[in-house]
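Open the model in your viewer and colour it by secondary structure. The stops below are meant to be taken in order.

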Amino acid sequence: MDALNDLFLPPAKSTLASQTDTLFWFVHLSSLALTIGLIAVIVYFVYKYRRKSEDEVTPLITHNNKLEVTWSVIPLILVLIVFGWGYQVFMNQRVVPDDAYEVNVTAQKWIWQFQYENGARTTGELHVPAGRPIKLVMSSNDVIHSFFVPDYRLKQDVVPGRYTEMWFNAPDPGESIVYCTEYCGTDHSNMLANIIVHEQDDFENWLAENAGGASKPDDMPPAEWGKQIAQEYACSTCHSADGSQMVGPTWKGTFGSEEPLADGSTVTVDENYIRESILEPNAKVVEGYPAVMNTYQGQLNDEQINAIIEYIKTLK
Ligand code: CUA
């Protein structure tokens, strides 16, 4: 089984992944065995019962109770086994252990954000301790996304206006990729995140260092902090800092410029316009760009918004 796994499946990096794999191979290999057996019998019968002479008459067989019961009961047993087994594996995945460490997940076009019990936040990176059940409480700010971790054999829809849950336990430190598997627009295929599994001690340290990341470290210039926030909140997935064309307007050289709006008027890119664009992105959309950005109201405080503005000012 291990050899098959290595050949066909991504590495199994959670405590439950191998349960899914074993069931998968059972369904797969028993289907394969039945298919091969069936084809062999068909080929054999076609040959054995071929028409041998012009006046040969086919015997009339109306039914055969023994055979009919056999080919009904064997598949029935197989299906019941798959049902019972599948139910067990499914329940193991759905019932969250009581001592699970909880992380909040927010999906938004086209980023994954994570918030930890001590207030730390990350975007695009989920940090967790090894060997401990992790419960994810997930919701979306806009459309339906889906949180898929092939290494854990887990997938869960993330829906606006309600919470969905999933849990996993990754026994070994390492990294796994999260994919969005519900089509959600332009950058759906780039809506990725990394799960970083730390040793328990490393995780505690990481958590302590990143606690309450919403205020500026003392000795850091605001523009530098703004750059860090722009990366943390994944602004850079849609806005380049080097003038290259992405989903949204580039930040390079934008400050102080005059930009055309969709309604034919123009706007000067100053502090007020940038602030408004962060809090009410679709109020004044620069012509030629889609109105797809979500508000960061409630996610970025004034100090953080000011830092981003300072950062944009430095991109001349
Ligand atoms: Cu989010 Cu696709």
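A residue is called buried here if 20 or more other C-beta atoms lie within 10 Å of its own. The model is a predicted one. With that cut-off in hand, select Val158. Because Val158 has 26 C-beta neighbours inside 10 Å, this residue counts as buried.

**The whole chain**

Zoom out before going further. The protein chain contains seven helices and 12 strands. Of its 316 residues, 21% count as buried. Among contacts between residues at least 6 apart in sequence, 65% join residues at least 24 apart.

**Two annotated spans**

Select residues 23-47 and then 68-87. An unreviewed UniProt entry lists both of these under "transmembrane region". In the model, residues 23-47 are 100% helix and 0% strand, with the end C-alpha atoms 36 Å apart. The span 68-87 is likewise 100% helix and 0% strand, and its end C-alpha atoms are 29 Å apart.

**The sheet that starts at S3**

Select strands S3, S2, S1, S5 and S8. They form an open sheet in that order, with mixed pairing. Strand S3 (121-123) and strand S8 (164-168) stand at the edges with a single partner strand each, so one side of each has no neighbour in the sheet. On average, neighbouring strands of this sheet are turned by 25 degrees against each other, direction ignored.

Now keep just S1 and S5 on screen. Strand S1 (residues 101-108) runs parallel to strand S5 (residues 134-140), and seven bridges join them. To find one place where they meet, look at Tyr101, which stands opposite Ile134 in S5.

**The sheet that starts at S4**

Next select S4, S10, S9, S6 and S7. These five strands also make an open sheet, in the order S4-S10-S9-S6-S7, and the pairing is mixed. Its edge strands are strand S4 (125-129) and S7, each of which pairs on one side only. Neighbouring strands here are turned by 20 degrees against each other on average, direction ignored.

Add helix H4 (residues 200-209) to the view. H4 packs on the sheet, touching S4 and S10, and its direction makes about 130 degrees with that of S4.

Inside the sheet, follow S9 to strand S10 (residues 192-198). S9 and S10 pair in the antiparallel sense over six bridges. Glu175 stands opposite Ile196 in S10.

**Strand S6 and its two partners**

Which residues make up strand S6, and how many of them are buried? S6 covers residues 145-149, and four of its five residues are buried.

On one partner, strand S9 (residues 174-180), S6 runs antiparallel, joined by two bridges. Select Phe147 to see this pairing: its bridge partner in S9 is Cys180.

The other partner is strand S7 (residues 154-158), which pairs with S6 in the antiparallel sense over five bridges. Four residues lie between the strands in this hairpin, and Arg153 takes a positive phi near 60 degrees. Label His145 as well, whose bridge partner in S7 is Val158.

**Back to Val158**

The tour returns to the residue selected at the start. Val158 lies in strand S7. What does Val158 touch, leaving aside residues up to four places away in sequence? Its contacts include His145, Ser146 and Phe147. Others among them are Val105, Ala107, Met138, Ser139, Ser140 and Thr164. Ile144 is also on the list. The C-alpha atoms of Val158 and Ile144 are separated by 5.7 Å, with the two residues 14 apart along the chain.

Val105 and Ala107 fall within the residue range of S1, so hide nothing from the earlier sheet while you look at these contacts. **Helices H5 and H7**

Finally, select helix H5 (residues 222-232) and helix H7 (residues 302-314). Their axes come within 7 Å and cross at roughly 105 degrees. That crossing makes H5 roughly perpendicular to H7. On the H5 side, the contact is made by Pro222, Ala223, Trp225, Gly226, Lys227, Ile229 and Ala230. On the H7 side, the residues are Gln304, Asn306, Ala307, Ile308, Glu310, Tyr311 and Thr314. Together the residues of this contact divide into eight nonpolar, four polar and two charged.

Which residues of H5 are buried? They are Trp225, Gly226, Lys227 and Ile229. The buried residues of H5 pack against H7. Move past the end of the helix to finish: H5 is followed by Ala234, whose phi is positive, near 60 degrees.

Conventions
Residues numbered from 1 in each chain as written. Predicted model: local features only at pLDDT ≥ 70, side-chain atom pairs only at ≥ 80, totals over all residues. Buried ≥ 20, exposed ≤ 12 C-beta atoms within 10 Å, placed from the backbone. Pairing = 2+ DSSP bridges. Contact = placed C-beta atoms within 7 Å. Axes fitted to C-alpha atoms, helices over the stretch in contact; angles between N-to-C directions. UniProt positions renumbered as here; feature names shortened; annotations may be inferred. Parallel < 35°, antiparallel > 145°, perpendicular 65-115°, else oblique. Nonpolar A, V, L, I, M, F, W, Y, C, P; charged D, E, K, R; others polar.
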